[in-house]
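Please open the model in your viewer and keep the selection panel at hand. The tour below proceeds by selections, each followed by a description of what is there.

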Amino acid sequence: MSERQGQLHGLSEHELSEIRMMIEERTGICFDESRERFFSTRVREHLRAKGMERGTELLRAMRNPTSNTRGCSSGC
């Protein structure tokens, strides 16, 4: 099973897609298919930096209205 088909270090393709959609909805920044590798790498780095093991933890933080989702580097 390739990395693209399975888990990406605690980040499923579905979770990655949801994170991408939330970023696009909130900021207008679109990461298209040509930026897939860059995007997934940055999300995984962010997970590690925040001590999160799974994409679900990041999604939960992004959905939490009390977290600072605009400045994700400091809030989620």
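**First stop: around H1**

Select helix H2 (36-49) and helix H3 (55-63), which are among the elements that cover the buried residues of H1. Bear in mind throughout that this is a predicted model.

Next, select H1 itself, residues 13-27, and pick out Glu15, Leu16, Glu18, Ile19, Arg20 and Met22, which are the buried residues of this helix. If you then place a distance between the end C-alpha atoms of H1, you should find them 21 Å apart, which agrees with the 21 Å expected because its 15 residues advance at 1.5 Å a residue. Move on just past the end of H1 to Gly28, where the backbone takes a positive phi of about 85°.

**Second stop: Ser40**

Now return to helix H2 and select Ser40, which is found in it. Is Ser40 buried or exposed? With a relative accessible area of 6%, Ser40 falls under the 20% cut-off and therefore counts as buried. Add Arg37 to the selection, and you will see that its backbone oxygen lies 3.2 Å from a polar atom of the Ser40 side chain.

**Last stop: the whole chain**

Finally, select the whole protein chain, which has four helices and zero strands, so that its elements can be followed from the N terminus on as α-α-α-α. Of its 76 residues, 36% count as buried, while the accessible surface comes to about 5,200 Å², with 49% of that belonging to carbon and sulfur atoms. If you display contacts with a separation of 6 or more, residues 24 or more positions apart account for 51% of them.

Technical notes. Residues are numbered from 1 along each chain as its sequence is written. This is a predicted model: local features need pLDDT of at least 70, side-chain atom pairs count only at pLDDT 80 or more; totals for chains, interfaces and linings use all residues. Side-chain values use heavy atoms; hydrogens and water are left out. Helices (H or I, at least four residues) and strands (E, at least two) are DSSP runs, numbered from the N terminus. Buried means under 20% relative accessible area, exposed over 50%, partly exposed in between (1.4 Å probe, protein chains only). Contact means heavy atoms within 4.5 Å. Accessible areas come from the Shrake-Rupley method with a 1.4 Å probe; for residues, only the protein chains shown count as cover. The expected span of a helix is 1.5 Å times one less than its number of residues. A polar contact is a pair of N or O atoms within 3.5 Å; within protein, one must be able to donate a hydrogen and the other to accept it, and residues adjacent in sequence count only if both atoms are side-chain atoms.
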